[in-house]
Amino acid sequence: MPETDFSFSHVETPAAGATVPAGPIVIRGWVWPKPGGHFVDVRARLGESLFPGVHGFPRADLAAHFGSPKPHLLAEFEISARLAPGPAPITLEVLTIEGDWRAFHELRLNAVGAADPTPVCANERPLRWHEYGRALQMLLRAQHREPATPLAALAARLAAALPRPRDLRHPHLPFHGHLDEPAAVTRCGFGRTAVLGWLFHETRLIKRVLATFDLLAWQTVDHPLASPGPAAHFPAYPNAARAGLFGIIDVPAQLPSPVTLRLYAELDDGSLHLCGVQRSLLCTNEDEKAPYPARGHADFDSTCAALDAALVDAGFSVVRDSEMETELVRVRDDFTLRAPAALPSPTQLRPTPMPAATAPKRVLLATHNLNHEGAPLFLLDYARFLAQSGTALTILSPSDGPLRDGFAALGARVWLIDVDAVFQAKSEAAARAVIAAAFQSFDWAAHDLVVCNTFTTFWAVHAAKAAARPVLLYVHESTTPASFYLGRVHPAVVALVDAAFGLADTVSFTTASTRNYHL
């Protein structure tokens, strides 16, 4: 049993030193960490070529060998590679939970005969509209991030980062299934991404479906859900009618992209089966919040052409259909409307001495809710500081929540106010009328200072300034109001959010990076 300082492993086929036909080959074996370690994935390296592996097949014999209390260890792997004629020194690498690839085994083979020209990923799926649109927006934003890099080079780098092959394992018979998400380019919001598709067994019931990106955090996805498509396609199998699955799954931030999803099915007999394995390039919140290049520094059509050329060079095909045309219009409009006229360089922050000041006697703190969330918790700390200085506090929130007791313990009065109509307004005049009418019952002028926490409390900025009160606006969001509210409120309401930045007497950003983003 080969051993390193961090692993035990064994290659079961082919044998070390074997002579094999040139062309495609499958390497099978297992790898298991020593105590304190955890493995996420495997791959093979041959010269400059990397071949991803399917890692995580259950092994009951290894559980018994290592004395595990679990019925099986997820240690088996198989890797599809391609060998050119001649000596083939293959390095097998494992991805640790810390996000590092480490070599655990050297396999030396000798390949003979003519190489099979069929590529390893001959059956790769073409890119669909949502994958292409996400990649296109990433390429547009890359031109802001690296203005000196040629567009063709940026496009080539992006195409090279796309997983190919994407699908490493399809459900094996008697399972049938398909995953739409995560896609080749998939959205990852706040460290989580969607798993969407369908899966069924021809004769047995699936007790539950589990999804994991790291073989450590396991999450059950909703299943079975109604699935009219599979039901129509597989009329001979009653289980196809309720094969749908959906879940929002954690993606550990330390794992390098592309990441690998494993989908397991636990049957009603207690057996566990690895059904689907596919890889995705992540499009994160930070990617989506990044600004477009300034108008005049990037061209939409040229960016599309560069991406198309890079995808062809990398071996990808793209489905050109009505959904693609709709997506191109959406991305073009988004770029046209939201690309800034100019992108100023942020000025350097300089520390300044804190002046001696008397705390205001009466302060109104406006928040978007009273939940256990970052911004309200920040405001509770801020309120505690003011209360220690003898300030009388009033809390204004559109919704109640568990932090109410924390504010009340400081002696603060808590007021709830309905602001839904502001966000539902269809014009600036309508929104202003709602603000004026809704807040007549509240005495804004009774406060020496109004502190508005997050730009979602823009309504309080407008109301306070109408009462001639000084306003401090704390901004937590590293995104613009246009991005934050995209498609959820009328553009006229977004304009009022933007206007709040100018109305406030002082705007304070909770981090330097947030400030730089808004600049």
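1. Start with strand β14. Leu-225 lies in this strand, which covers residues 219-225. At 33% relative accessibility, Leu-225 counts as partly exposed, because that class runs between the buried limit of 20% and the exposed limit of 50%. Keep in mind that this is a predicted model.

2. Leu-225 also helps to form a nonpolar surface patch. Its partners there are Leu-196, Phe-246 and Ile-248. The patch has an area of about 290 Å².

3. Next, look at the open sheet of eight strands. Strands of a sheet pair through backbone hydrogen bonds, either parallel or antiparallel. Here the pairing is mixed. Trace the order β1-β3-β6-β5-β4-β7-β8-β2. The edge strands are β1 (7-13) and β2 (19-21), and each pairs on one side only. From one strand to the next, the twist averages 35°.

4. Within that order, β7 and β8 are worth a closer look. Strand β7 spans residues 86-96, and strand β8 spans residues 101-112. They pair in the antiparallel sense over ten bridges. To find your place, pick Thr-91: Glu-106 in β8 stands opposite.

5. Now the cysteines. A disulfide is a covalent bond between the sulfur atoms of two cysteines. How many disulfides does the structure hold? Zero. Take Cys-304: the closest cysteine sulfur, in Cys-283, is 16 Å away, so the two are too far apart for a bond. A disulfide would need the sulfur atoms within 2.5 Å.

6. Is Cys-304 buried or exposed? Cys-304 counts as buried, with 11% relative accessibility. Cys-275 is buried too, with a relative accessible area of 0%.

Conventions. Residues are numbered from 1 along each chain as its sequence is written. This is a predicted model: local features need pLDDT of at least 70, side-chain atom pairs count only at pLDDT 80 or more; totals for chains, interfaces and linings use all residues. Side-chain values use heavy atoms; hydrogens and water are left out. Two strands pair if DSSP finds at least two bridges between them. Helices (H or I, at least four residues) and strands (E, at least two) are DSSP runs, numbered from the N terminus. Axes are lines fitted to C-alpha atoms, for helices over the stretch in contact, and angles run from 0 to 180 degrees between N-to-C directions. Buried means under 20% relative accessible area, exposed over 50%, partly exposed in between (1.4 Å probe, protein chains only). Patches are made of residues with over 30% relative accessible area and no salt bridge: like charges are joined within 9 Å, nonpolar side chains (Val, Leu, Ile, Met, Phe, Trp, Tyr) within 5 Å. Accessible areas come from the Shrake-Rupley method with a 1.4 Å probe; for residues, only the protein chains shown count as cover. A salt bridge is a side-chain nitrogen of Lys or Arg within 4 Å of a carboxyl oxygen of Asp or Glu.
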